[in-house]
Amino acid sequence: MTSAQPLRVGMVGYAFMGAAHSHAWRTAPRFFDLPLQPQLTAVAGRNADAARAAADKLGWDSVETDWRRLIERDDIDLIDICTPGDTHAEIAIAALEAGKHVLCEKPLANSVEEAERMTLAAETAAKQGVMSMCGFSYRRTPALALAKRFVEQGRLGEIRHIRAQYLQDWLSDANAPMTWRLDKSKSGSGSLGDIGAHSIDAAQWVAGQSITGVSALLETFVPERPLAGDLVGLGGHGDLSGDAPRGKVTVDDAAIFSAKFDGGASAGAIGVFEATRYALGRKNAMRLELNGTKGSLAFDFEDMNVLSFYDAAESPDAGFRKIFVTEPEHPYVGNWWPTGHGLGYEHGFTHQVVDLVTAIGEGRQPEPSFADALQVQRVLAAVEASAANSSQWQKV
């Protein structure tokens, strides 16, 4: 902990992502030397009692029941948006116009048009020193950051194939209750935007290439779900009584698409993506594999402290070797535990705070910017357009 100038944070939303972000704001300055000192100044939620309970539990100093009031406060420097996608644009634009830095959860918005307006507001605010970032937290997983380092060092050569999967199973029970994640008006899309957006961002970021076109399939396996029931984690148990009302699922349950990458100075890679919340036995299998002319690498978040790497210059029968990403020279790791003591899911959010606060303190644009997130949004839109048009090729 240092005596650095405070960075007073106001957070909107306090559920799953709110808890993860709260932990990160508390933890980051205790393990990293930051140019600004984060302070958990206020949290906003519509239910006053629930918001106060969350503030007490998560460590926030005060509560607001209207996010507009949070933005109006003179003792708030940054707005952290942890709400469903249908609210992102309004909150972020208002905050930026009020001179507040912004951290916004992914995907950036529910449409390309909203994301474009947010990006324009971010670029305008940046001219006044007001910064913004989208929360693609998997970029901060040390093993994935090491994978990007390998690509930048040329250890894979020219990248030919990219495979990305994000497999979960929490929605596999057809009687799990309706939540906002299954309502397109609130979430924008289903597996595609909820988890597929992470894969899109990670693949493009690690490879250093952008997706230029897609051919896609979207599928909804369970068209209706109970409106009432007991929520457990992200899923739960729906009310199955005879007269219990049911609601219509308006998002995709699974997404599959092929993609072409731009390649920069070389021929672009081809890619295959899959996102589903119906893969029984897969809890959080966010996977990425890249094959190049000199080597390959593979990552699976269910074994998040390991990066598998194949170097074609070694003996051909050597196969992949496992790199345990727990050494001080690996990205982010040196500020944590002794060698071999792995990190967890929450550390990605802590590293996100570190990178954001460091960038703000240095007066430079943090990454991923809203413009970066807009590009992901355009890929999501292209996937939906292709799926709606018999999987025809759709340019991004």
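No disulfides turn up in this predicted model: the count is zero. A disulfide is a covalent bond between the sulfur atoms of two cysteines. Cys82 takes part in no such bond, and its nearest cysteine sulfur, on Cys104, sits 8.7 Å away. Cys134 is also in no disulfide, with the sulfur of Cys104 again the nearest one, this time at 5.6 Å. Since a pair has to lie within 2.5 Å to count, a gap of 8.7 Å rules out Cys82 and a gap of 5.6 Å rules out Cys134. Both cysteines are tucked away from the surface: Cys82 counts as buried because its relative accessibility is 12%, and Cys134 counts as buried because its value is 0%.

Stepping back to the whole chain, the fold mixes 10 helices with 19 strands. For 396 residues, a compact globule would be expected to have a radius of gyration near 21 Å, and the chain has 21 Å, so the two agree. Along its principal axes, the C-alpha trace spans about 60 × 60 × 40 Å. Buried residues account for 55% of the 396 in the chain. The contacts also reach a long way along the sequence: take those between residues at least 6 apart, and 73% of them join residues at least 24 apart.

What does the outside look like? About 16800 Å² of the chain is exposed, and carbon and sulfur atoms supply 50% of that area. As for charge, there are 37 positive and 50 negative charges, and the mean positions of these two sets are 2 Å apart.

Helix α6, covering residues 142-152, is a good place to see burial at work. Nine of its 11 residues are buried, which means that the helix is largely enclosed by the rest of the structure. Among the buried ones are Leu144, Leu146, Phe150 and Val151, and Lys148 is on the list too. Just past the end of α6, Gly154 takes a positive phi of about 80°.

Phe324 tells another story. This residue belongs to strand β18, which runs over residues 321-324, and it counts as exposed because its relative accessibility is 53%. Setting aside neighbours within four places in sequence, Phe324 touches Asn305, Val306 and His330. Gly208 is 116 residues from Phe324 in sequence, and the C-alpha atoms of the two are 23 Å apart in space.

Some backbone details are worth a look as well. The bond joining Lys106 and Pro107 is a cis peptide bond, with omega at about -20°. Pro107 itself sits in the loop that links β5 (101-105) to α5 (112-126). Another cis peptide bond joins Glu367 and Pro368, where omega is about 0°. That proline, Pro368, is found in the loop between α9 (345-362) and α10 (370-387).

Positive phi angles also show up in residues other than glycine. Tyr332 has one, with phi near 70°, and its place is the loop between β18 and α9. Ser390 has a positive phi too, of about 55°, although it is not a glycine. Ser390 lies in the loop between α10 and β19 (394-395). Is this serine buried or exposed? With a relative accessible area of 67%, Ser390 is exposed.

Methods:
Residues are numbered from 1 along each chain as its sequence is written. This is a predicted model: local features need pLDDT of at least 70, side-chain atom pairs count only at pLDDT 80 or more; totals for chains, interfaces and linings use all residues. Side-chain values use heavy atoms; hydrogens and water are left out. Helices (H or I, at least four residues) and strands (E, at least two) are DSSP runs, numbered from the N terminus. The radius of gyration is taken over C-alpha atoms; the globule rule is 2.2 Å times the number of residues to the power 0.38. Buried means under 20% relative accessible area, exposed over 50%, partly exposed in between (1.4 Å probe, protein chains only). Contact means heavy atoms within 4.5 Å. Accessible areas come from the Shrake-Rupley method with a 1.4 Å probe; for residues, only the protein chains shown count as cover. Lys and Arg count as positive and Asp and Glu as negative; His and the chain ends are not counted. The place of a charge is taken as NZ of Lys, CZ of Arg, CG of Asp or CD of Glu.
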